[in-house]
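This report covers the overall make-up of one protein chain, its nonpolar cores and its aromatic pairs. The sequence and structure come before the text.

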Amino acid sequence: MGEVARRAGPATLTASLLAAAAALSWWRAAEYLSLGAWLDALSMRNVTDTSQMLFAYSFLPRLVVSLLCGAALGLAGALCQLSLRNPIASPTTLGIEAGASLALSVAMLWAPWLFSFGRVWPALAGGALAAAGVLALSWRRGLAPISVILAGLVTGLFCAAFAAMLTLFKTEYLAGLFIWGSGSLSQQGWTAAAKLAPVLVAAALAAGMLARPLALLGLDDAKARSLGLSVATARLAALSLAVVLSVNVVSAVGVIGFVSLAAPVLARALGARRAQHQLAWSTVLGAGLLWLVDQAVQLADALSGLSLPTGAVTALLGAPLLVVLLMRQRSVPLVPPPAVVEKALLTSATRGRLIVLALLVVILLALSTTVGRDGDGWHLSLGQELDRLVALRLPRAIAALAAGVMLGLAGCLLQRLTGNPMAGPEVLGVSAGAAFGLAIALFSLPAVGPGLQLLAASIGAFAALAAILALDRKASPDRALIAGIAFGAMFDAVINVLMAGGDPRAMLLLNWMMGSTYAVDATAALVSIAAALLLFGGLLLTARMLTILPLGRGMSSALGLNPTHSHILTLALSALLAAAATLIVGPLSFVGLMAPHLARRLGMRQVLAELVGAAILGGLVMVAADWFGRTIVFPRQIPAGLAASLIGGPCLIWLLARRPSS
């Protein structure tokens, strides 16, 4: 009876999704043809009937493709999460979608002849290369879960940043990829379904054979090896299968990534515990979720006359359901806490490294102010010329420094709180919330000045924070991370829908989202650096709390710390830091992840050392990014946030390849 009860949860939700999708499909089909004419349409008895043609070669293929793609993504997400033992793992974590998008952009600009063979091959090549790079980076560490996820996140962010830069400079050629990048299930025949069906069947059979190894992977690696399992081989097989599934979906219909995260989480939240049950229910839930969303999208298109991307709308409908179920889910730590309390004092060697880094920041500020480019090339500005330029260059550099400091601190807080090195400010959804607020203001108001932009972004950022803190009443770090991803996916989905509409204001939003310091003046720079210093000073007083928190709730309570209050305070501080940085230079999403890693690679593992090191390194990267973006392609400029991703991505990838993951 217990097993039946556990299965009732996912079965009930699946039945509800399928029933709702079937009802919408029946309604939509009736708009094409009467019930008695459906069989005639399938047999194409009247080839001159337009309604029969649309029913047989557009409506039905799209319905089947939505089922196949949803099932493939749900299965791929379950394979990732089971093999990596991480509830926020998905094919997106491997950088497949970002690699495919980058490959399409590159092919569109420099090898358009490749599209004569179809867009499948450039997308396949890009996604496969990105996934291969991730596996290569983490192979030396036995494909450890955290290593794979961190390498995939860095690779995906770098690919996305490079693709965004190409879009910024070549908008007239690449604007059309916005809709594809948001996922479109529109079909003009059965070609996509015929290609996806055998892939899904073969993958499902292979996944069934992997059920027992995946169940053993649910244990820690040492126990799995003691039971005779080759951990690296099993993990590689599961991840490879997930790559094959997701690449085929991306090449067929574009990026529809949220289903692969939501379906396995929904299956577990509703009672699927065994590996084989998670694989099966994730597949069916993914199919039902995407089928329902696509039918709703088609209905909305018919009523509004718009053409909404299904991939973006999937997040709008799936994320709230995921958040509601998270409120009922018991917390499971992402990674084990450390066994010992770290010392909070700075060693002499660490002080020396911090002093060197601080001097580098000062030198870089001076260079970014005095050295630039004009029509004659590189130029050193001194004297009266410097007096004229310093008012333009120095505020941007100071604002970039302040934003980098705050993002580095936010990332450090999140990574220490969760024990998860892939946590970053963007995971909380605060940056996406700020972009969402600005997008709503831009598209709903006739004129949006700088002050109103600031207000709109602030409301969006703190709305995201309030929602996450309201959800995280039990102070569960993993629940907060998944909720942040869900809220971020919803906000990003709205932005993608707005940008896919072709409105000229979308490019203004795109420029701001890339992290630009264009509009920063002296007043904004002073306010930003003052806020950064104030928050930095306050965080230094929390060193004891940050030292104890990773030990877990029991040990924290024994040492006199209230875990619930401490978790909420840490989440609030990290969100405040991320929101402040977002309001200055846009929703940056890379420095907060990278700066704490760089600090730890330099030996700064004590709390104070990591905080100070992450702050200085974050500021250093952002100042360098602002200078680089302002000069490297003069007279064009690369936004500072985008330049930070382009600079920091290869650096972090190199560090990951050289040394074991921290």
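## Contacts and overall make-up

Counting contacts in the chain between residues at least 6 apart in sequence, 79% join residues at least 24 apart. The model is predicted.

The chain holds 28 helices and two strands. Its length is 662 residues, of which 57% count as buried. About 26500 Å² of the chain is exposed, and carbon and sulfur atoms supply 70% of that area.

## Nonpolar cores

The largest nonpolar core has 82 residues. Within this core, the residues that touch the most other members are Val-65, Cys-69, Leu-79, Leu-214, Leu-245 and Leu-279. Helix 3 contributes the most to the core, with 17 residues.

Leu-279 illustrates the packing. Leaving out residues up to four places away in sequence, Leu-279 touches Leu-75, Ala-78, Leu-79, Leu-82, Ala-207, Ala-211 and Leu-214. A second core, separate from the largest one, consists of 72 residues. Val-154, Ala-423, Ala-543 and Leu-620 are among its members.

## The stacked pair in helix 3

How many aromatic pairs does a search of the whole structure find? There are two. In one of them, the ring centres of Phe-55 and Phe-59 lie 5.7 Å apart and the planes meet at 25°; the pair is stacked because planes under 30 degrees apart count as such.

Both Phe-55 and Phe-59 belong to helix 3, which spans residues 50-84. They are four residues apart, about one turn of the helix. Are these residues buried or exposed? Phe-55 has a relative accessibility of 3% and therefore counts as buried, since the limit is under 20%. Phe-59 is buried too, with a relative accessible area of 3%.

## The tilted pair in helix 6

Phe-158 and Phe-162 form an aromatic pair with 6.3 Å between ring centres and 45° between the planes, and this pair is tilted. The two residues are four apart in helix 6 (residues 145-169), so about one helical turn separates them.

Phe-158 has a relative accessible area of 22%, so this residue is partly exposed: the value falls between the 20% limit for buried and the 50% limit for exposed. Phe-162, at 29% relative accessibility, likewise counts as partly exposed. In summary, Phe-55 and Phe-59 are buried, whereas Phe-158 and Phe-162 are partly exposed.

Notes
Residues numbered from 1 in each chain as written. Predicted model: local features only at pLDDT ≥ 70, side-chain atom pairs only at ≥ 80, totals over all residues. Heavy atoms only, no water. Phe/Tyr/Trp six-rings, centres within 6.5 Å; stacked < 30°, edge-to-face > 60°. Buried < 20%, exposed > 50% of the residue type's maximum accessible area, 1.4 Å probe, protein only. Contact = heavy atoms within 4.5 Å. Areas by Shrake-Rupley, 256 points an atom, 1.4 Å probe, with all protein chains shown as cover. Core = buried A, V, L, I, M, F, W, Y, C linked by side-chain atoms within 4.5 Å.
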